Amino acid sequence: MLKIMLTGFMLPLLLLFGPPGLGRADSGNSGKQKSPDSRDGATGILQKMIVENGTVTMDLDLTRLNGIPTTTQKFEALRFVVAGNSFFSILVFNDALRAPVMGSMGLIPQNRVALPAALSASLNQLVIEKMDSNEPFDIVVRDERSGFVFFNIEGNQYDYDAGAQLLSIQGGRLLISKEFANALGRPSAVGSVVGKISIEAAMQPIQIMQVVNGEPQSVVMPGLRGAVSAPTAVAGPDVIVGDLPSLQQFGSAGTQVGVAVGTTSCNNGDQPLDWFSLPNTDHPVIPQNLYRMSGGADNTERFEQIGQSWLKHAFLALEDDACGFGCNTSGCTTGSHLCPGCSDPYGASLNASQDGLGSRAWVNPFTGAFPSTANDHSGHSHTGTSHRILVEVNDLNTTLNTGASYFAEAQYVTPHEYTWCQAHPGECNQYNNASYRQYSVSGTTNFTFSPVAPTMRMKPAISAWTGTSPSPNRIEPDPGNDGFGLLAYKVTNPSAGVWHYEYAVYNQNLDRAIQSFSVPLGAGVNVSNIGFHAPPQHPGWAHDGTVGDAGFSSTPWIATQTADSITWTTETFAENPNANAVRWGTLYNFRFDADQPPQDTNATVGFFKTGSPITVGIQAPAGGATPTPTPTPTATPRPPPAPRPRPTPPARPTPP
């Protein structure tokens with residue numbers, strides 16, 4: 001992206017000395033029309049613009065695309081929205097389109113049609129790329145990660161509406177590329193027209209240059225509308241994770257290491273946010289998490305949480321302006337409040353300080369409530385991993401995880417946002433408090449981490465899972481009375497006749513937690529390699545808020561297959577209040593292989609503390625032709641729980 005910006009800064013002047021277009025250009029630049037007032041030494045306003053948002057439609061002839069021998073055409077529309085602030089650029093001089101510039105726009109699919117396997121596998125990472133003028137085609141459709149070109153586009157024409165700042169690209173024909181033809185096993189199909197493409201995109205300027213007689217006089221670089229880096233202040237207090245500047249290892253014990261991530265909080269609201277230190281309980285608490293994306297041919301098959309920490313209790317807001325929101329301390333009591341637009345930094349070493357970390361078990365993540373004793377470290381001593389992000393060495397060892405990607409995540413949970421929401425319905429800001437950042441990992445037993453991308457604000461790490469459904473589906477059983485979770489899934493076709501189904505269930509701030517997950521099966525589906533994954537739990541500690549100070553269980557969930565479903569369960573709350581439920585700030589995985597392709601359906605999510613199950617949209621195996629044998633459980637039935645003493649737990653917030 002930097003290269004595009006730098007070359008685009010000077011190149012526009014060269015384009016001014018040719019005849020300006022009249023708002024239309026074709027893909028070969030041969031259709032530019034000469035303006036009647038064209039002359040050298042142009043004077044005016046030159047804008048370089050990128051895509052703010054947009055839509056793309058591919059009308060595909062599925063019979064020809066899939067190599068079906070028939071004279072009947074079957075066109076279906078494959079629809080996308082364009083990823084925000086994509087660097088697909090155009091040059092506009094005095095409100096007239098001069099030329100497109102090399103760049104690309106990311107595509108987010110909105111529906112599915114019956115595509116060849118190779119194209120289907122790349123559907124969630126497609127981009128439209130403007131090529132160099134020396135290339136045979138003006139724009140192409142390719143896989144952003146691999147660079148694999150699926151379609152070359154010819155015949156497209158550009159139109160620009162200056163009043164609406166709207167770019168339209170119409171008339172493009174989709175031609176099968178040589179690479180795609182070979183992948184289809186039909187080399188002779190190269191160049192075949194299999195559909196057409198249309199693009200509508202709202203544009204915004206990123207560079208405005210005043211030009212006099214062909215010479216630049218001044219340059220303005222306006223900020224991007226809707227950029228994640230600078231959201232508009234919202235009503236009420238709104239703490240977000242503005243940055244995750246560092247990730248470090250701070251100790252080890254046995255087969256595990258203790259890790260911590262630095263967090264910079266920012267108040268994106270227009271009201272001061274309460275930031276009183278313990279023993280006052282009106283301040284944010286900060287969980288830290290670590291995730292890994294790996295598996296499959298491109299290391300994106302699965303997205304797993306590999307570590308979680310206890311909670312940093314916030315204290316003494318410093319009132320910086322790290323997010324660039326414009327820190328405003330006027331009328332705000334500094335230190336005990338995070339003032340509007342202001343930021344507060346906690347380095348990784350501070351977030352690794354074990355005496356400043358309290359158990360998650362004490363906190364209701366929706367209301368933000370916890371007792372003043374939520375950070376009591378009496379009665380136990382610490383090892384190198386205690387209370388920090390607890391990670392197995394083998395989950396980081398680079399020789400065992402070649403090509404894997406890692407993501408740190410943090411979240412701020414505060415009672416002030418909940419109480420404000422109750423008093424001001426419609427100003428509820430406790431749903432956007434998680435952010436993530438990608439890091440690279442080096443080492444085999446001791447590890448160093450380096451950031452490889454900016455912090456993605458107000459998005460949980462599950463959003464980084466490449467190639468999933470268009471966006472994770474929301475799990476929200478009782479809006480307004482409890483929080484929410486997300487369900488993402490990915491279906492791959494690793495070999496002929498085999499489909500791998502991968503599901504990730506993430507609980508952001510649901511106090512009731514999740515106890516079961518069930519996937520329906522079509523008739524006659526044969527299933528194998530049923531699996532489950534959860535991050536390691538911290539051991540029990542004195543005063544950790546769990547029943548009997550026993551800690552939360554790490555017992556794997558039991559999977560049971562019947563003729564029409566697979567269901568994973570942990571113990572119920574009545575059986576064991578410390579059971580291995582999907583509690584807040586954690587992500588669990590469920591997976592299997594099947595001999596049938598996917599179809600749209602619903603999973604069933606059951607809850608731990610309270611509430612009836614709900615259904616959430618997924619893809620699961622369609623029905624097959626062969627009857628399924630009589631099913632048997634995939635794990636030994638769980639024995640009845642042994643009697644256990646039940647000491648009265650310390651007072652804790654009542655779950656919604």
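Against which strands do the buried residues of H6 pack? In the predicted model examined here, residues are numbered from 1 along each chain as its sequence is written, local features require pLDDT of at least 70, side-chain atom pairs count only at pLDDT 80 or more, and totals for chains, interfaces and linings use all residues. Side-chain values rest on heavy atoms, with hydrogens and water left out.

Helix H6 spans residues 415-423, and its buried members (under 20% relative accessible area with a 1.4 Å probe, protein chains only) are Pro415, His416, Glu417, Trp420 and Cys421. These buried residues pack against strand E14 (239-243) and strand E18 (273-274), a contact being heavy atoms within 4.5 Å. Helices (H or I, at least four residues) and strands (E, at least two) are DSSP runs numbered from the N terminus.

The chain contains six helices and 37 strands. Of its 656 residues, 52% are buried. Among contacts between residues at least 6 apart in sequence, 70% join residues at least 24 apart. The accessible surface, from the Shrake-Rupley method with a 1.4 Å probe, amounts to about 26,200 Å², and carbon and sulfur atoms hold 53% of that area.

Strands E33 (residues 558-562) and E34 (residues 565-569) form an antiparallel pair over five bridges, where pairing requires at least two DSSP bridges. A hairpin of two residues connects E33 to E34, and isoleucine 558 lies opposite threonine 569 in E34.

Internal space was examined on a 1 Å grid over the protein atoms alone: a cavity is a set of points where a 1.4 Å probe fits but cannot get out, a pocket is an open set with protein on both sides within 12 Å along at least five of seven lines, and lining residues have an atom within 4 Å of a point. Volume denotes the space filled by probe spheres set on the points, which are joined across faces, edges and corners.

One cavity of 30 Å³ or more is present. The largest cavity has a volume of about 40 Å³, and its lining includes Glu417 and Tyr412. That lining comprises four nonpolar, five polar and one charged residues; Ala, Val, Leu, Ile, Met, Phe, Trp, Tyr, Cys and Pro count as nonpolar, Asp, Glu, Lys and Arg as charged, and the others, Gly among them, as polar.

The second largest pocket encloses about 1,000 Å³. Of its 38 lining residues, Ala117, Ser120, Ala121, Val491 and Thr492 are the closest to the centre. Strand E29 supplies the largest share of this lining, six residues.

How values were computed:
Buried < 20%, exposed > 50% of the residue type's maximum accessible area, 1.4 Å probe, protein only.
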